[in-house]
Amino acid sequence: MKNAIEVKSKEKLGEIITVARRISPRVDDLVRTMYPPLDAKLIEARATALLLSVNHLVLVAKSACHVRGALDWVDECLGVVDGHVETLRAAAMAEELEPSPPSTPGSERAMLGSQRASNRSDTEHL
C-alpha cells in the first residue's frame, strides 16, 4: 500500500512540475507585450493565458495536497487578479471600439512631400 501512495505522490509531483513549467513562458509573453507599440487586446490575451496557467497549477496542487481551507487565500488572490484581467479586457474592447483617425486620400503622399521639402530646406542652411 505504501508503494502505491509513493507512486501516486510522485506522479502528482511530476504533474505539478509540468504545470509549473508552463508559467514562466507565459510571464515572458506578457512582459514582451508591454513594450511599445502597446496593444491592449494582446496584453489582455497574454494576461488571460497566464491566469489560466496559474489557475491550473492551483487546481493540480490542491488535488495533490488534499488540504481543505488552508489555500483559501490563493483563491482570494486569484479573484483579485481576475478583476485586473477584466479591467484589461475592458480596455481592449474600448481600444477596439475607438474610431481611428480619418485618413484622406493622398494625405500620406502630401505628408511625405512636405517632409522632403523640410529636409531639403534643413540641408540648404548647412
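A residue counts as buried when its relative accessible area is under 20%, as exposed when it is over 50%, and as partly exposed in between. The exercises below apply these terms to a predicted model.

**Exercise 1. Describe the overall make-up of the protein, from its secondary structure to its share of buried residues.**

Solution. Begin with the secondary structure, which comes to five helices and zero strands, so that the order of elements from the N terminus on reads α-α-α-α-α. Next, turn to the surface: the accessible surface of the protein is about 10,000 Å², and 61% of that belongs to carbon and sulfur atoms. Then consider burial, where 14% of the 126 residues count as buried. Finally, look at the contacts between residues at least 6 apart in sequence, of which 72% join residues at least 24 apart.

**Exercise 2. Find the residues of the largest nonpolar core, and state which element gives the most to this core.**

Solution. The first step is to list the members: the largest nonpolar core has ten residues, namely Ile23, Leu30, Ile43, Ala47, Leu50, Leu51, Val58, Val74, Leu78 and Val85. The second step is to assign them to elements, and those that give two or more residues to this core are α2, α3 and α4, the last of which covers residues 72-97. Among the elements, α3 gives the most, with five residues. As a third step, take one core member, Leu51, which, when residues up to four places away in sequence are not counted, touches Leu78, Val81, Asp82 and Val85. As general background, nonpolar side chains in soluble globular proteins tend to be buried together.

**Exercise 3. Work out how the buried residues of α2 are arranged around the helix axis.**

Solution. First identify the buried residues of α2, which are Ile23, Leu30 and Thr33. Seen down the axis of α2, these buried residues fall within an arc of 90°, and therefore they line one face of the helix.

**Exercise 4. Decide whether Val27 is buried, partly exposed or exposed, and name the surface patch to which this residue contributes.**

Solution. Start by placing Val27, which lies in helix α2, residues 23-33. Its relative accessibility is 33%, and because this value falls between the cut-offs of 20% and 50%, Val27 counts as partly exposed. Together with Val31 and Tyr35, Val27 makes a nonpolar surface patch of about 270 Å².

**Exercise 5. Locate the cis peptide bond between Pro36 and Pro37, and say where Pro37 lies.**

Solution. The peptide bond from Pro36 to Pro37 is cis, with omega near 0°. Pro37 itself is in the loop between α2 and α3, where α3 covers residues 40-65.

How values were computed. Residues numbered from 1 in each chain as written. Predicted model: local features only at pLDDT ≥ 70, side-chain atom pairs only at ≥ 80, totals over all residues. Heavy atoms only, no water. Patch = residues over 30% accessible without salt bridge, like charges linked within 9 Å, V, L, I, M, F, W, Y side chains within 5 Å. Areas by Shrake-Rupley, 256 points an atom, 1.4 Å probe, with all protein chains shown as cover. Salt bridge = Lys/Arg side-chain N within 4 Å of Asp/Glu carboxyl O. Helix = DSSP H or I, 4+ residues; strand = E, 2+ residues; numbered from the N terminus. Buried < 20%, exposed > 50% of the residue type's maximum accessible area, 1.4 Å probe, protein only. Contact = heavy atoms within 4.5 Å. Core = buried A, V, L, I, M, F, W, Y, C linked by side-chain atoms within 4.5 Å. Arc of directions from axis to C-beta.
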